Amino acid sequence: MKKTISILSLATIFACGTPSETKVEIFYGNKITSDSLTEYPDLVEQVELSGQVSTKIEGTIIETCAKKGCWMKVKADDDTLIVRFKDYGFFVPKEGAEGKTVIINGEAFYDTLSVDLLRHYAEDAGESKEESLRITEPEFVLSFTADGVIIQE
Amino acid sequence: MKKLVVIGGIILFAACQQQENKLTQTIIDPNDTSEMALLMRDMFFQLEEIKQKILLGEDIAQEQLNFELIHTQTPTDESFLKEGLVPMSTAYANSIEAFNKQPSSKNFSSIVNNCMSCHTQLCPGPLERIDNLIIEK
């Protein structure tokens, strides 16, 4: 009996080890889970096949809108995605999120960003009017409308 | 003996479950909100309520809207005070006045069109949200 209790106690200690660090997850918009993520190359393949897909991926925040926090640029593999938030319904921090791991849930699709919109984003990101006027070509990019975002601290 | 092992197993499982410490919180807007942004959010919610009444066929004859002039509100920063804001804000105020004189679906749509025109030119981010106010024909 005593032997069994001792074995179980030791098993508990070894199985669980020392307490892990507290993981802070901050949700923006809908509360989503961080599991069942789609690999980015699979996402690209799916969007190319069907035009638009509901999906959840992980990436790294490059920058967020410095004015309102109403969009962010996310690095996924070697690509940069423009992520906007569904119905302008929520926002992310205007600063301090760069380099953090982010999980985004929503709709991915190809979109043409007009010159006016690109200039607007440039000004949102802190560029001067003169700098933004250097943008003269629209961009065809993979875009993402997120309904829920997790930023991991 | 078997019972003890089962109980021990459950304790072991429960103990390990507690290992993963996760702190979570849900946020809609982590940033400071300007007077102008708050006004626009208030406008949206009031207009959304009227849209729902129109869609449900309810009487809107007594509906009245009362907003401050947009261009007199403090924006997030000076860059929001773009050329064209004052005339568009004035046109918006005129459309509100027309609605208050004669609350109707047509005058409601006129307000929404003003929102769309202004944001198309000055700040396209919220267009997707304003789009939800359009009454489909």
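Against which helix of chain B do the buried residues of α3(B) pack? The structure is a predicted model, in which local features need pLDDT of at least 70, side-chain atom pairs count only at pLDDT 80 or more, and totals for chains, interfaces and linings use all residues. Residues are numbered from 1 along each chain as its sequence is written, and chains are lettered from A, with ligands numbered from 1, in the order in which they are written.

Helix α3(B) covers residues 85-101, helices being DSSP runs of H or I with at least four residues, numbered from the N terminus. Its 17 residues should span 24 Å at 1.5 Å a residue (1.5 Å times one less than the number of residues), which agrees with the 24 Å between its end C-alpha atoms. Y92(B), S95(B), I96(B) and F99(B) are its buried residues, where buried means that 20 or more other C-beta atoms, placed from the backbone, lie within 10 Å of a residue's own, and exposed means 12 or fewer. The exposed residues P87(B), E97(B) and K101(B) lie on the face turned away from this buried side. The buried residues of α3(B) pack against α4 of chain B, contact requiring C-beta atoms, placed from the backbone, within 7 Å.

Helix α4(B) (residues 105-122) also packs with α2(B) (residues 35-55). In this contact, L47(B), I50(B) and I54(B) of α2(B) meet S105(B), F108(B), I111(B) and V112(B) of α4(B).

In chain A, the secondary structure comes to 4 helices and 6 strands, a strand being a DSSP run of E with at least two residues. Of its 153 residues, 28% count as buried.

Key:
Axes are lines fitted to C-alpha atoms, for helices over the stretch in contact, and angles run from 0 to 180 degrees between N-to-C directions. Two residues are in contact if their C-beta atoms, placed from the backbone, lie within 7 Å.
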